[in-house]
Amino acid sequence: MPATVISGIWSSPIIIFTGTDAAGLAETGFCVVPNTQNGPITITAGNITFGTATFSVPAGQFPVTLNPNQSVIIQVTMTQPADSLGKIGNLNLVTNTPYSPNVALSLIAGNPNLADFFPSQLSFPITKVGQSSTFANAVIVNTQNTPLTVSNIALTTGTDFFIVGAPVVPFVMAPSTTTAPFSLQFTPTVVGSRLDTITVTSNNGPEARTLSGGGSTLQSAFNLTGGVQGSLFALSGGGVPLILLANPNSINTEEPGSFVRLHDWQMPNYEKKLMRIRGHYEDLGPATISFKARARRIGQPDETIQANVSIGTAFADGWLREFTSEPVPLSGELIQLTCSRAANSGPVSIIDYTPQFEPAGEVIGGT
Amino acid sequence: MTYHPQTIRGPFAGIVSDTPFTEAPPNAFDDILNFFVRKGRMQSRPQLGAYLPTIPNNQIVRYIGKFKDANGNLHSFLLTNYTAGQTPAYMLTAGPVANPLTIPGLPAGQQGSNQLFTDAHIQNQVFFANGGYPLAYLDGSNTVQFAGDTPGTCLFLAVNVSHLIQAYCIEPAAGQAGSTVFPRRVRWSASGNALEWNTLTDFTAGSNDLLDVPDDITGINTLGYPTYVWRSNGITVMYPTGQGLSPFQFYNYSLAPDGVGNFFPYSLATYTNWCVFVAQDNIYRFDGSSMTPIGGTTKKKIYADLAANNGDQIWGRIVPNFTLGYDFLCYMLTIPGPNVTWIYTFDDGQWVRFNSSQGYLTAVRTVYTN
């Protein structure tokens, strides 16, 4: 995805990575680089000039063009090395001008932890006092190159959070291995924010993680199962507001409807005599549609002819069927055709319709 | 004798009003009412049948919503107009029954409101406001509760990085002593606590008055990473900073007095990380990076209806379906006065019209009914 351009001159000349929980995991960092030049620039590439073992630039961000007084957000990826030493690097941006800004990259020393606990933090949803949350899974990872002896897994207070199915201690973990998942559960004893700490103790010392959750006394009311859904239409009503429910299985609309089109059938300046309307519909049940043709001449009342057409069968099998209107001879240069249905007059699903006409000579005037 | 035929078939082109009919596609129409252009067909729209024939207090329903509470229970609710002392909220149960929710005691002078609502969901609670009562929320219980120490209320709500955000603030709430309207104010709660608004109690709460913009706030939504503060003729963007003391930075897309903005406040409708709004010159779909005009060649009729609006507020909503059995992703723009709802279908990219002899549409939503 191309890098994001934002307005304004913003600059973050360094990206600091705090490190991930295990070697090989990636962490994403961002920097903002401004166009401080007097004209537009196009950044064509971002190169890691040193620190390539740790840092990389995700593909697809370039080229990106910046106008003066714009900045761009660039993404950089840090892949956690196996050791816990700090790392530094440099990102150099190549542009179509001599302007070639640099961004410093830094990984803080000290990660990863040796006996690490995943996830690094556990937040449970708000749970009613006395009830229990769903289980959250956790694992312990030996991220070092030598065996690790885990001597204890314990909660500091243990009143609201519980460990379920943890491995029996002590046990030894081979290098770069993970325990089977075990569970944590939240059962608040009082209302409000609840905290605890789970500590995994190994021959490398203790490793602590925070558990958090909230206790509530919510008394749910007017509950629904969610087994049935409906589309509700609230209407202003005639002084009495109301709500109607849409029926997804019926298009037998309770209101009248229509679609209208003025035709000259690409034969301007010629009279046309509309003779017939044929078409196809989807059989969703018996219905009645009406075709109304109207022509207009100056100084004369509108000439209109209407034909009702019964469509559909009791089979309502979705089969495509044909309809033909009664002949509706009506002449004019322009003919307005309205297809309508009355309220509750059956489901209508038109696939196509074909007005058929005869050319009837040039228009003399008066249309 | 052989007649000249001209077949009109799908995919149909919807209503075209901006060009002479001779220039419109042959499968376009001058008007389509209570028919949907759907899946290559011209279909009569779904039937609407009786559900709730009257609303408690005989008030207009302004919002229909649903949520799951902290105990995991599902709820559907209505928000209605209200006078001072009336409840604005009702829970639906099978029957159907609209069960009124009790409200807290009100400060002296507190007024009701007939404005449209906006809502925001955070931590299994639904916060809502319409410029009347103090910012309130539903948590699944049988009561409406006010949002902690909120200084008042607002017209528009959003959520970003665990902050509940109010926009177009009224502080204190309408009718209370000293109540003042701040049409360019954005206020955010403490991080992770939508009941805490006092910056002295929790420094992650705060506010910002957009003093450098020429127009008032008309909506707010979060699309992906940033929150967009919509104005009549422009947009201001709130970017999360990750810093507790100053959690948002504000950038104005535009400071020009004229331009593309959410001109009709409640026309803004959000769906996942994109939205639709009505500006002065067109109707746009916005995905956070690009604006796509969707008014097409139907603008003339739509804007004629917008100009004829009277009596109530224009509003829009994006609807994915009329329950799962009838997929129909569309934007519905209701215009009281002409009492019509213009419907833009995203699958077919066309406009049609909806109306009812029961008046104009005031809310629509697919919710739990049992």
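So, the two domains of chain B: their centres sit 34 Å apart, taken over C-alpha atoms. That's in a predicted model, so keep that in mind for everything I say. The domain assignment splits chain B into domain 1, residues 7–48, and domain 2, residues 49–317. And how many residues do those two domains bring into contact? Eight from domain 1 of chain B meet six from domain 2 of chain B. On the domain 1 side, that's three nonpolar residues, four polar and one charged.

Chain A, for its part, is assigned three domains: 4–107, 115–216 and 257–362. Between the centres of domain 1 and domain 2 of chain A you get 36 Å, again over C-alpha atoms.

Okay, back to chain B as a whole. The secondary structure is one helix and 31 strands. The C-alpha trace spans about 90 × 50 × 35 Å along its principal axes. Now, how does the radius of gyration compare with a compact globule? For 370 residues you'd want something near 21 Å, and chain B has 22 Å, so the two agree. Half the chain, 50% of its 370 residues, counts as buried. And if you take the contacts in chain B with a separation of 6 or more, 49% of them are between residues 24 or more positions apart.

Let me zoom in on one sheet. In chain B there's an open sheet of four strands, running in the order 23-24-25-26, with antiparallel pairing. At the edges you have strand 23 (269–271) and strand 26 (291–293) of chain B, and each of those pairs on one side only. Going from one strand to the next, the twist averages 20°. A quick reminder for anyone who doesn't look at sheets every day: strands in a sheet pair through backbone hydrogen bonds, in a parallel or an antiparallel way. Inside this sheet, strand 24 (residues 274–278) and strand 25 (residues 283–286) of chain B pair antiparallel over four bridges. If you want a residue to click on, B:F277 stands opposite B:Y284 in strand 25 of chain B.

Next, a loop residue. B:A108 is in the loop between strand 10 (97–100) and strand 11 (118–122) of chain B. Is B:A108 buried or exposed? Exposed, because there are 7 C-beta neighbours inside 10 Å, and the cut-off for exposed is 12 or fewer. One more thing on B:A108: in sequence B:G175 is 67 residues away, yet C-alpha to C-alpha the pair is 8.0 Å apart in space.

Last topic, the interface between the chains. Here 74 residues of chain B are in contact with 70 residues of chain A. Which element gives the most on the chain B side? That's strand 31 of chain B, residues 361–368, with eight residues. By composition, the chain B side of this interface has 31 nonpolar residues, 35 polar and eight charged.

There's also strand pairing across the chains. Strand 29 of chain A, residues 349–362, pairs with strand 1 of chain B, residues 4–5, in the antiparallel sense and over two bridges. Within that pairing, A:F357 stands opposite B:H4 in strand 1 of chain B. I'd put that pair on screen while we discuss.

Technical notes: Residues are numbered from 1 along each chain as its sequence is written. Chains are lettered from A and ligands numbered from 1 in the order in which they are written. This is a predicted model: local features need pLDDT of at least 70, side-chain atom pairs count only at pLDDT 80 or more; totals for chains, interfaces and linings use all residues. Two residues are in contact if their C-beta atoms, placed from the backbone, lie within 7 Å. Ala, Val, Leu, Ile, Met, Phe, Trp, Tyr, Cys and Pro count as nonpolar, Asp, Glu, Lys and Arg as charged, and the others, Gly among them, as polar. Two strands pair if DSSP finds at least two bridges between them. A residue is buried if 20 or more other C-beta atoms lie within 10 Å of its own, exposed if 12 or fewer, and partly exposed in between; C-beta atoms are placed from the backbone. Axes are lines fitted to C-alpha atoms, for helices over the stretch in contact, and angles run from 0 to 180 degrees between N-to-C directions. Domain bounds come from an automatic or database domain assignment. The radius of gyration is taken over C-alpha atoms; the globule rule is 2.2 Å times the number of residues to the power 0.38.
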